[in-house]
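Biologist: Could you take one part of this model and walk me through it closely? I'd like to hear how the helices pack and what the charged side chains are up to there.

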Amino acid sequence: MSKTSKSDKVSADLDTPTDLPPAAVDKISASLNTLLADAFALYLKTKNFHWHVSGRHFRDYHLMLDEQSEAIFATTDQLAERVRKLGGTTLRSIGQVARLQTIKDNNEDYVPPREMLRELMEDNKHVAAALRKAHKLADEHEDSGTAGLLETFIDETERRTWFLFEASRQEGANVA
């Protein structure tokens, strides 16, 4: 039987020392785990659209979505390791991802390319807002390590949003 430490959710064998209070670790870890679940969901959706894009801009969209999916996936290890550095536990299964994700899946047989880009743009805007909310939580608990990491991810998410917006605009108009 293993004892629990700071939080009832963390086994003594995984108890990472931190100067943050247990309630802060729990709140920040929960926030980061939701971001992590969304990162996996957005990664898979972006890959899905990468695999299924078609049309006259195929090459450009295919390459952009591949690049974006790689960038999204690159955040997953950093988010999970940040949770562990704080003394929390992180995701353990696809089922847990499904329970925590706030990004909606897209299982349609066919999605027109422009709709793919617009949906991903909205999803990235949603992620940016969630990152800002998590950043605020980190600031409230004086967790500068998490805040700094999230600042980088906010900038990267805004860049993806911008690229998706520009790629999805109608020719010759500054409208989406």
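Modeller: Sure. Bear in mind that this is a predicted model. Overall, the structure holds eight salt bridges, and I'll zoom in on the place where helix α1 (residues 22–52) packs with helix α4 (residues 113–140). Their axes sit 10 Å apart, at an angle of about 165°. Anything over 145 degrees counts as roughly antiparallel, so that's what α1 is relative to α4. The crossing of the two is left-handed. On the α1 side, the contact residues include Leu35, Leu42, Lys45 and Phe49, and α4 brings, among others, Glu119, Leu120, Asp123 and Val127. Sort the residues of this contact by type and you get 12 nonpolar, five polar and five charged.

Now for the charges. Lys45, Glu119 and Asp123 are linked in a salt-bridge network. Take lysine 45 with glutamate 119: the closest N and O atoms are 2.7 Å apart. That pair links distant parts of the chain, with lysine 45 in α1, glutamate 119 in α4 and their positions 74 residues apart. Lysine 45 also forms a salt bridge with aspartate 123, at 2.6 Å from N to O. Here again one partner lies in α1 and the other in α4, so the bridge ties together parts 78 residues apart in sequence.

How hidden is the trio? Lysine 45 has 5% relative accessibility, so it counts as buried, and aspartate 123 is buried too. Glutamate 119, at 23%, is partly exposed.

Methods. Residues numbered from 1 in each chain as written. Predicted model: local features only at pLDDT ≥ 70, side-chain atom pairs only at ≥ 80, totals over all residues. Heavy atoms only, no water. Axes fitted to C-alpha atoms, helices over the stretch in contact; angles between N-to-C directions. Helix = DSSP H or I, 4+ residues; strand = E, 2+ residues; numbered from the N terminus. Parallel < 35°, antiparallel > 145°, perpendicular 65-115°, else oblique. Left-handed = near helix turned anticlockwise from the far one by under 90°. Contact = heavy atoms within 4.5 Å. Nonpolar A, V, L, I, M, F, W, Y, C, P; charged D, E, K, R; others polar. Salt bridge = Lys/Arg side-chain N within 4 Å of Asp/Glu carboxyl O. Buried < 20%, exposed > 50% of the residue type's maximum accessible area, 1.4 Å probe, protein only.
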